[in-house]
Each structure stands twice: as C-alpha cells, then as structure tokens.
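Thanks for coming. I will go through one structure today, beginning with its sheet and ending with the ligand. Please look at the display first.

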Amino acid sequence: MLTPELLNELYGSGARECRTTNDDLKLVFSKSRPLDLVELEQLLEAVGWSRRPVRRVRRALDESILKVGLWRHDERFPRLIGFARCTGDGIIEATVWDVAVHPVYQGSGLGKQMMLYILKTLREMGIERVTLFADSGVVSFYKSQGWTLEPKGHRCAFWYAN
Ligand SMILES: CC(C)(COP(=O)(O)OP(=O)(O)OC[C@H]1O[C@@H](n2cnc3c(N)ncnc32)[C@H](O)[C@@H]1OP(=O)(O)O)[C@@H](O)C(=O)NCCC(=O)NCCS
C-alpha cells in the first residue's frame, strides 16, 4: 500500500489506489496529477484511436470538468496507462469521453474500476445525470456495469459538422 502522504504528494488530492491481482504492480487513479499530452496521445493511439492536434486536445482538456488518469506507480516516473474525461456543466450533467485502458493492462478489471472512480467523483461534485456514447463493440462493457441503453433512438439526437 502507498502511504496517504505519498499518494497525495505524487497524485494529488482524491487519488486512490486501484486494486490489482499482481502484488508487484501498483496503480493509482488521480483526478489532479498533470497529464503529459504526448503520453496521453500515445495511450489513445495504443487503443487504436487516431492522433488529434495537440493544441486542440489541450483546449479540450482545459474545458473538461474531470480528467482521470490511471497511473502505473513509480516514485520517479509514474506512467499513464488509463484515461477518461468528462465534459458538462459541472453542476447537474456530465458526459464521459475517451475511456481507455492500455491494451497491455486490459481485461483485468481496471476499466470497470476507473468507471466507478469517475462516477464516485462526479457524485461528490453533486452531478445527478451522466451520459456517454459507446462504440457498438463496447456497449456491453457499460451495460454490465448498470448503464441504461438509450431506447431505440427515441430520446437522442446528433449533429455532426461533417
Ligand atoms: C473498454 C475498455 C476501457 C475496458 O477496459 P478493461 O480494463 O479491459 O475492462 P475490464 O477488465 O474492467 O472489464 C470489465 C468487464 O467488461 C467486459 N469488457 C471489457 N472490454 C470490453 C469490450 N470492449 N466489449 C465488451 N465487454 C468488455 C469484460 O469482459 C469484463 O466483464 P466481466 O466483469 O464480466 O468480467 C478497454 O478495453 C479499452 O480501452 N478499449 C479501447 C478503447 C475503447 O473502446 N474505449 C471505449 C470507448 S466507448
């Protein structure tokens, strides 16, 4: 276990250790450790998403109400192995975006724990309604965690610039 002092010093307030099945692996959720944008884009590229202009990503992160990093603990160089962010009004509503766990670490419950950390943090912010848009192949990931699917396109509308 990491001491609360070390957790706070390296990962900021609200950081929480993530459960793993490997005793040698220490992972930490943080909502305030600064993100390196190159490292973040490398993570998102590793899960198969195309690169986005760094300047736009920086602005999108600045405008997000919550950014969660999942860090592989190292006292000198923690590595980013998971990420998600939320946009919204910060009071009533939030939408979750960019949920990713590095392929090397997938399939051992980390994505699920990250979603719990996000929802707990949003609840602490007083947010009552959370939405997300899932790729069709990932719908069951969310469904198994209690997310309700939008019923047959009756309540949802989209607009795309192109
Ligand atoms: C989706 C993702 C975040 C899941 O992370 P993970 O750490 O592998 O997920 P977990 O190990 O916590 O899985 C939790 C449960 O969801 C299931 N699951 C995991 N990935 C899934 C997927 N892509 N589709 C359907 N179910 C999935 C697991 O089998 C597991 O089921 P169980 O509780 O019955 O054992 C990760 O696979 C990822 O980063 N994918 C690429 C990016 C992506 O598609 N993000 C979602 C955008 S909408």
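What is the order of the six strands in the open sheet? The order is β1-β2-β3-β4-β5-β6, and the pairing is mixed. Before I go further, please keep in mind that this is a predicted model.

Let me stay with the sheet for a moment. At its edges stand β1, residues 16-18, and β6, residues 129-132. Each of these two has a single partner strand, so one side of each is left without a neighbour in the sheet. On average, neighbouring strands here are turned by 25° against each other, direction ignored. As general background, strands of a sheet pair through backbone hydrogen bonds, either parallel or antiparallel.

Now the pairs, one at a time. Strand β2, residues 27-30, runs antiparallel to strand β3, residues 66-72, and four bridges join them. In that pair, V28 is opposite W71 of β3.

Moving on to β3 and β4, we again have antiparallel strands, with seven bridges between them. The two form a hairpin, and six residues lie between the strands. If you want a place to look, R72 stands opposite R79, which is in β4.

The next pair is β4 with β5. These strands are antiparallel too, and six bridges join them. Here C86 faces V96 of β5 as its opposite residue. This pair also makes a hairpin, with four residues between the strands, and in that hairpin G90 has a positive phi near 80°.

Two residues in these strands deserve a stop. One is G88, in strand β4. Is G88 buried or exposed? Neither label fits: with 19 C-beta neighbours inside 10 Å, G88 counts as partly exposed, because a buried residue needs 20 or more. Leaving aside neighbours within four places in sequence, G88 is in contact with I65, E93, A94, T95 and I127. There is also a longer step along the chain: G88 and T131 are 43 residues apart in sequence, while their C-alpha atoms are 9.8 Å apart in space.

The other is D98, which sits in strand β5. Its phi is near 55°, a positive value in a residue other than glycine. D98 counts as partly exposed, with 19 C-beta neighbours inside 10 Å.

Next, the helices and the core. Helix α2, residues 37-46, lies across β4, residues 79-88, and β5. Relative to β4, helix α2 runs at about 95°.

Which residues of the largest nonpolar core touch the most other members? They are F29, L70, M114 and I118, out of 27 residues in that core. At least two core residues come from each of β2, α2, β3, β4, β5 and α4. The largest share, six residues, is from α4.

I118 shows how these parts meet. Not counting residues up to four places away in sequence, I118 touches L66, V68, A84, C86 and V96. You will recognise C86 and V96 as the residues that stand opposite each other in β4 and β5.

That leaves the ligand. There are 18 residues around the ligand, and V47, Q106, G111, K112 and F141 come nearest. The elements that give two or more residues to this shell are β5, residues 93-101, α4, residues 110-124, and α5, residues 139-143. By class, the shell has eight nonpolar, eight polar and two charged residues.

Take Q106 from that list. Where is Q106 placed? Q106 is in the loop between β5 and α4. With 14 C-beta neighbours inside 10 Å, Q106 counts as partly exposed. Q106 and V47 are 59 residues apart in sequence, and the distance between their C-alpha atoms is 10.0 Å. Both of them are among the residues that come nearest to the ligand.

My last residue is S108, placed in the loop between β5 and α4. S108 is partly exposed, having 14 other C-beta atoms within 10 Å. Along the chain S108 and T20 are 88 residues apart, and their C-alpha atoms are separated by 7.7 Å.

To recap, we have an open sheet of six strands, a largest nonpolar core of 27 residues, and 18 residues around the ligand. That is all from me.

Note on methods. Residues are numbered from 1 along each chain as its sequence is written. This is a predicted model: local features need pLDDT of at least 70, side-chain atom pairs count only at pLDDT 80 or more; totals for chains, interfaces and linings use all residues. A residue is near a molecule or strand if its C-beta atom, placed from the backbone, lies within 6 Å of it. Ala, Val, Leu, Ile, Met, Phe, Trp, Tyr, Cys and Pro count as nonpolar, Asp, Glu, Lys and Arg as charged, and the others, Gly among them, as polar. Two strands pair if DSSP finds at least two bridges between them. Axes are lines fitted to C-alpha atoms, for helices over the stretch in contact, and angles run from 0 to 180 degrees between N-to-C directions. Two residues are in contact if their C-beta atoms, placed from the backbone, lie within 7 Å. A nonpolar core is a set of buried Ala, Val, Leu, Ile, Met, Phe, Trp, Tyr and Cys residues joined through C-beta atoms within 7 Å. A residue is buried if 20 or more other C-beta atoms lie within 10 Å of its own, exposed if 12 or fewer, and partly exposed in between; C-beta atoms are placed from the backbone.
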